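Here are my notes for someone opening this one for the first time. Have the structure up on screen while you read, and take the points in order.

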Amino acid sequence: MWYHKPVVNKELLQSLPNLRIVASSGVGIDHLDLNLLSSFGVKVSNTPFIVSTDTADLGMALMLASARRLVEGYEMAVSPDTEYFPADWLGAEISGATLGIVGMGTIGYKVAERAKAFEMKILYHNRSQRKKEEESAVGAVYCKKIDDLLQQSDFVLLSVNLTPQTHKLIGKRELELMKPTATLINISRGLVVDQDALVEALQNKVIKAAALDVTYPEPLPRDHPLLKLKNVIITPHIGSATKKTRRIMMEEMTGSIQAALAGLPIPHEVL
């Protein structure tokens, strides 16, 4: 499966009685009904680890681009109407700012490693607290309650898996807890955020800005209000989109398929 296609439903499974495995690209499996697949005796694999470095890089890129208003700056620099660069056109500082990471798995931790190099203060919220030595290595402070992280952070970065528990994890209440000068960055899944609430928060300056690699649906309808807001950056779900990583993802998927057909242990099997 690439970009969640083809759709694996009951009709497809019934039409493929000899199907042994579904190899899905990327880490997320929210598009698959694992119970349904299991009932047909079909195994599932993904490519969870190879995507983490590139996705963390993109998270930092989105934060920097939003903070320094790079898209707006580019448009100003190339516009045929620009006669001068205004001296009061300013962005926000990254160095010394507080980054709140929601979801400190492999990707979230790699973001923290990068943020440390930018001299950021790092808070994180996770289902379980990281080991003390892991926290110390990046200078991260654990927030047991997500509310504490939201209230203190200048940038809130989402890197959680989409589950029933994280579906619309960030809604109207959570956005109102954030600073009016804060930016929301989403590199996880679009449905982790209540998109209607986000539009309202951005329009009413409840938060300052958003930088999104994921939305729902993808792509957004061309008349969607998020596409009309100056304080939003949207990229087309390119967290893992580098030549090297995409090639390795395909190789890992092929390896899982070969193992399943040979009756061998499946690398990265989703249980």
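1. Start with the sheet, bearing in mind that this is a predicted model. It is an open sheet of 7 strands with parallel pairing, and the order runs β5-β4-β3-β6-β7-β8-β9. Strands of a sheet pair through backbone hydrogen bonds, either parallel or antiparallel.

2. Now look at the edges. β5 (140-142) and β9 (232-234) sit there with a single partner strand each, so one side of each has no neighbour in the sheet. From one strand to the next, the twist averages 15 degrees.

3. For a closer look at one pairing, try β6 (residues 155-158) and β7 (residues 183-186), which run parallel and share 4 bridges. One residue pair to find on screen: Leu-158 has Asn-186 in β7 as its bridge partner.

4. Which strands does helix α5 touch? Helix α5 (residues 106-117) packs on the sheet against β3 (98-102), β4 (121-125) and β6. The direction of α5 makes about 170 degrees with that of β3.

5. Another helix to pick out is α9 (residues 195-203), which lies across β7, β8 (209-212) and β9. Relative to β8, α9 runs at about 140 degrees.

6. On to the empty space. The structure holds 1 cavity of 30 Å³ or more, and the largest cavity has a volume of about 30 Å³. Its lining is made of Asn-186, Gly-190, Val-193, Gln-195, Leu-198, Leu-212 and Val-214. You have met Asn-186 already, as the bridge partner of Leu-158. Sorted by class, the cavity lining comes to 4 nonpolar and 3 polar residues, with no charged ones.

7. The second largest pocket is worth a visit too, with about 420 Å³ of space. Of its 23 lining residues, Ser-66, Arg-69, Glu-72, Ala-209 and Asn-231 are the closest to the centre. Which element gives the most to this lining? That is α4, with 4 residues. At least two lining residues each come from α3 (52-67), α4 (70-78) and β9. By class, the lining of this pocket has 11 nonpolar, 5 polar and 7 charged residues.

8. Last, the annotation. An unreviewed UniProt entry lists residues 60-239 as "domain: D-isomer specific 2-hydroxyacid dehydrogenase NAD-binding". In the model, that span is 32% helix and 16% strand, and its end C-alpha atoms lie 11 Å apart.

Technical notes:
Residues numbered from 1 in each chain as written. Predicted model: local features only at pLDDT ≥ 70, side-chain atom pairs only at ≥ 80, totals over all residues. Heavy atoms only, no water. Pairing = 2+ DSSP bridges. Axes fitted to C-alpha atoms, helices over the stretch in contact; angles between N-to-C directions. Contact = heavy atoms within 4.5 Å. 1 Å grid on protein atoms, 1.4 Å probe; cavity = no way out; pocket = protein on both sides within 12 Å on 5 of 7 lines; lining within 4 Å. Points joined across faces, edges and corners; volume = space filled by probe spheres on them. Nonpolar A, V, L, I, M, F, W, Y, C, P; charged D, E, K, R; others polar. UniProt positions renumbered as here; feature names shortened; annotations may be inferred.
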